[in-house]
Amino acid sequence: MDGGAAAIFPTISFMSTASTPRFGLQDYIRSIESILARRPSDRVIIREVSQATKRLCADDRWLEEQFRVGSPDGYNRHLLHRDPQNRFIVLSLVWMPGQMTPIHDHSCWGLMGIVEGSLEEVGYERLDDGTRPGYAELEEGRGSDVGRGSVAYLLPPHEEIHRIGNTGDGQSISLHVYGRDLDEVNVFDQTSGKVSPMRIKYYSPECGDQPFVI
Ligand SMILES: [Fe+2]
C-alpha cells in the first residue's frame, strides 16, 4: 500500500447540525475532571473552568425540569454532581424574585454561570487581619449584574466573600461549581462584625425529592 491510496476516499462534509455534538452536563463534568487532573493552581482552574462554564450555559437544554424547581421559602439548591474524589460539586440554584444569600464565604474556588434570568453579585473586602475569632470587618464592593454569557468567580483568600440575589421580576437559575463538597460556609453580619458558621442544605437526585443536609 502506498500513500496515494488515501486519495480514492473523498472527504465528506456533513452539513446537518444534527451531527454536531452538544456540550451538556456530562461533557462539562468531564472537562472539569480533565482540568483538575493536571493539578493546576486555583487561578488556572478559574480561568479554564470559566470557559467550560460559559460553553455549558450558552444552551440551557441540558438542565432537566426537576433541577429548575424553585421554592417560595428561599432559593433552592439542586445537587447535579458530586465528584467521587471530592474535588468539586456542581449545583443548580433557583431564585425567585427578591431571594438572596446572606454575606458569606466559601474557603474554596468557585464559579457561577447563568442558565436563566440574571443575578446581582456584590463582593466584599476584608479590612481586619483575621486574628480575632468570630469577627470580621468588611467593606462592600461594587455590585454587578451577572447574566447569560457572564461568569462570576470566587478565588480565596481575597476574592471569596460575597452575596448574591435575584433583584429582577422573574425567576433566575444559576449553575455553580465549587472546589469542595460545600457542607458549611461562614456567614458575616456586616453591622456587628460577627462571623457564624452555617450548614448548607440542598436537594439531591440521590435522595429523590427529599431535601437533605450535608
Ligand atoms: Fe456564594
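In this predicted model, helix 2 has seven-residue detail worth listing by name: Ile45, Ile46, Val49, Ala52, Thr53, Leu56 and Cys57 are its buried residues. The cover over these buried residues includes helix 1 (25-37), strand 4 (110-116), strand 7 (151-154) and strand 9 (172-178). Helix 2 itself runs over residues 42-57, which makes 16 residues. At 1.5 Å a residue the expected span is 22 Å, and the end C-alpha atoms lie 21 Å apart, so the two values agree.

## The chain as a whole

The protein chain contains two helices and 13 strands. It has 214 residues, of which 29% count as buried. Among contacts with a separation of 6 or more, 73% are between residues 24 or more positions apart.

## The nonpolar cores

The largest nonpolar core has 37 residues, and the members that touch the most others are Val49, Ile89 and Val177. At least two residues of this core come from each of helix 1, helix 2, strand 1, strand 2, strand 4, strand 7 and strand 9. Apart from this core lies another, of five residues, including Ile103, Tyr124, Ile161 and Phe188.

Val177 belongs to strand 9. Is Val177 buried or exposed? Val177 has 26 other C-beta atoms within 10 Å, and 20 or more are needed for a residue to count as buried, so Val177 is buried. Leaving out residues up to four places away in sequence, Val177 touches Ile32, Val49, Thr53, Phe88, Val90, Gly110 and Leu111. Of these, Val49 and Thr53 are also among the buried residues of helix 2. Val177 and Ile89 are 88 residues apart in sequence, yet their C-alpha atoms are 5.6 Å apart in space.

## Strand 8 and its partner

Strand 8 (162-165) pairs with strand 5 (residues 118-126) in the antiparallel sense, over four bridges. Within this pair, Val122 stands opposite Arg163 of strand 8.

In a regular strand the side chains alternate between the two faces of the sheet. Strand 8 shows such alternation: His162 and Ile164 point to one face and are buried, whereas Arg163 and Gly165 point to the other face and are not buried.

## Backbone exceptions in loops

Most residues other than glycine have a negative phi, and most peptide bonds are trans. Three places in loops depart from this, as the table lists.

| Residue | Backbone feature | Loop |
|---|---|---|
| Arg39 | positive phi of about 50° | between helix 1 and helix 2 |
| Asn86 | positive phi of about 60° | between strand 1 (76-82) and strand 2 (89-95) |
| Pro157 | cis peptide bond from Pro156, omega near 5° | between strand 7 and strand 8 |

Neither Arg39 nor Asn86 is a glycine. How many other C-beta atoms lie within 10 Å of Arg39? The count for Arg39 is 9, and a residue with 12 or fewer is exposed, so Arg39 is exposed. Asn86 has 10 other C-beta atoms within 10 Å, and therefore it too is exposed.

Conventions
Residues are numbered from 1 along each chain as its sequence is written. This is a predicted model: local features need pLDDT of at least 70, side-chain atom pairs count only at pLDDT 80 or more; totals for chains, interfaces and linings use all residues. The expected span of a helix is 1.5 Å times one less than its number of residues. Two residues are in contact if their C-beta atoms, placed from the backbone, lie within 7 Å. A nonpolar core is a set of buried Ala, Val, Leu, Ile, Met, Phe, Trp, Tyr and Cys residues joined through C-beta atoms within 7 Å. Two strands pair if DSSP finds at least two bridges between them.
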